[in-house]
Amino acid sequence: MNHYWQKEIETMPRRELEALQLERLKGAVARVWNSAPRQRAKLEAAGVRPEDIRTLDDLRRIPFTVKDDFRDNYPFGLFARPMKEIVRLQGSSGTTGKPTMAGYTRADLDTWANLIARLAAAVGVSDEDIAQISFGYGLFTGGFGLHYGLEKLGATVLPLSSGNTERQLMLMEDFGVTVLIATPSYATYLSETVREKGLRDKLRLRVGLFGGEGCTHEMRRRIEDNLGIIATDNYGMCELTGPGISGECLERNGMHFAEDHFLPEIIDPDTGESLPEGSLGELVVTTLTKEALPVLRYRTRDITRLTYEPCRCGRTHARMDKVTGRSDDMLIIKGVNVFPSQIEGVLMRMEHVSPHYLLLVRREGYMDTLEVQVELNDEALLEKFALLEGLQGRIKERLRSVLGLGAKVTLVGPKTIERFQGKAKRVIDLRNNESATTNR
Ligand code: DLL
């Protein structure tokens, strides 16, 4: 079944869509040129003027925008509208240092709400639904972003924010919540609690809209089993707006990119060269309609691929694969590239293992070492020495074959690894003697 929010746009023939993108791209570059002096300076330095953008391929002439542009121009420097017209500020999810901040005009907020309504409608959410928002409300774009979009769609919004799991579950049951909105980490935690308390049959949950961080297929299956729902993935980032950039339809075969508002490319993260369709590389995005904070060719650092093949759902917009990792999250251990998601994939296929784990990277002498702490899902296992030894050996073996790297595997008792109510921090890199995590 197809559920469209803006059918004409979502199913627009590609040729028309590309014409719309070109027209909007010209507008976006002109807006930057006329009203965003710092970004204009970058265009000038690269010798690009608005009239040079004649085809979508001319996009490649435009220099990249990077995270440092946000840092260097903090707080107001990248805004293309006077503060009088900016009605909201939001920020990135990181908790240390100055956040990456975004501003929105009224029109930006309206576009954003429509984008969220679009992705929720695509997984069958409607005005019949009661949606519990367990994203943090605050600077993080997840809470307010989903909130206004779901209201626009007409769903009943229960704005619980994160934390206080008992209360979350009580209201979920009492109000017959049908849609859960959370990070996959918090959804995992909630779902484990539901399983332990045997609450699944008392709930009316039908679908989960999860995003803000990666989630392997294996983790997703666990959440689905525990809650009896269809779990869906959606992607976004504060620099570009927040959630709403791409989201799955019920085919769950890639996240449809909102190509009428965002122009995606895939580049080689080392050379910056554009890669052909279907290649795995870094996602680069240009905002086509943003007023307060137009961004040209933003290097997201997220590694994924795009396909432009038609989807069975009828939508014509490109689909983006799950994010494999971030180019800056990739761990290089003994010269081997390792994404935490690969390790999660191995662990989640193992029996007796809970969905909570921790990766510790150290340097011993000149040697990097990886320790994977794996939490057992049952107290009783702690007494079964032979079983534990076998399990430890199997995990080591699987990790070696998937990563091409030996890792120390430590089994720890149930409930000993920290739970997360927002995005998880599962990597501790101690190689520079300070704890750095994968989260920003
Ligand atoms: O996380 C926006 C968002 C909120 C998206 C809620 C979806 C749902 P930031 O805090 O700026 O914004 O973090 C952006 O999070 O560059 C990715 O690395 C990661 N990320 C976001 N969604 C996904 C996802 C929000 N579905 C950064 N899968 C991005 C994998 C994701 N990673």
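User: Which element gives the most residues to the shell around the ligand?

Analyst: A shell residue has a heavy atom within 4 Å of the ligand. In this predicted model, β7 gives the most, with five residues.

User: How many residues surround the ligand, and which are the closest?

Analyst: The shell holds 24 residues. S93, D233, N234, D302 and K423 are the closest.

User: How do the shell residues divide into nonpolar, polar and charged?

Analyst: Sort them by residue type. Seven are nonpolar, ten are polar and seven are charged.

User: What should I look for as polar contacts with the ligand?

Analyst: Look for pairs of N or O atoms within 3.5 Å. A polar side-chain atom of D302 sits 2.6 Å from a ligand oxygen. The side chain of K423 places an N or O atom 2.7 Å from an oxygen atom of the ligand. G212 uses its backbone: an N or O atom there lies 3.1 Å from a ligand nitrogen.

User: How much of the ligand does the protein bury?

Analyst: Compare the ligand alone with the ligand in place. Alone, the ligand exposes 600 Å², and the protein buries 96% of that.

User: Which elements give two or more residues to the shell?

Analyst: They are α6 (141-153), β7 (230-237) and β8 (242-248).

User: Now α9. How many of its residues are buried?

Analyst: Buried means under 20% relative accessible area. Helix α9 spans residues 217-227, and eight of its eleven residues are buried. Charged residues can be on such a list, so check the names: E218, M219, R220, R222, I223, E224, N226 and L227. Just after α9, G228 takes a positive phi of about 70°.

User: Which residues other than glycine have a positive phi?

Analyst: Take two cases. R252 has phi near 50°. R252 is in the loop between β8 and β9 (255-257). H352 has phi near 70°. H352 lies in the loop between α10 (340-348) and β18 (353-364).

User: Are these two buried or partly exposed?

Analyst: Partly exposed starts where buried ends, at 20% relative accessible area. R252 has 29% relative accessibility, so R252 counts as partly exposed. H352 has 23%, so H352 is partly exposed too.

User: Where is the cis peptide bond?

Analyst: Check omega: the bond from Y74 to P75 is cis, with omega near 0°. P75 lies in the loop between α4 (67-72) and β1 (86-91).

User: What does the domain assignment give for the chain?

Analyst: It gives domain 1 (1-326) and domain 2 (331-439). Their centres, taken over C-alpha atoms, are 30 Å apart. The contact takes 25 residues from domain 1 and 21 from domain 2.

Technical notes: Residues are numbered from 1 along each chain as its sequence is written. This is a predicted model: local features need pLDDT of at least 70, side-chain atom pairs count only at pLDDT 80 or more; totals for chains, interfaces and linings use all residues. Side-chain values use heavy atoms; hydrogens and water are left out. A polar contact is a pair of N or O atoms within 3.5 Å; within protein, one must be able to donate a hydrogen and the other to accept it, and residues adjacent in sequence count only if both atoms are side-chain atoms. Accessible areas come from the Shrake-Rupley method with a 1.4 Å probe; for residues, only the protein chains shown count as cover. Helices (H or I, at least four residues) and strands (E, at least two) are DSSP runs, numbered from the N terminus. Buried means under 20% relative accessible area, exposed over 50%, partly exposed in between (1.4 Å probe, protein chains only). Domain bounds come from an automatic or database domain assignment. Contact means heavy atoms within 4.5 Å.
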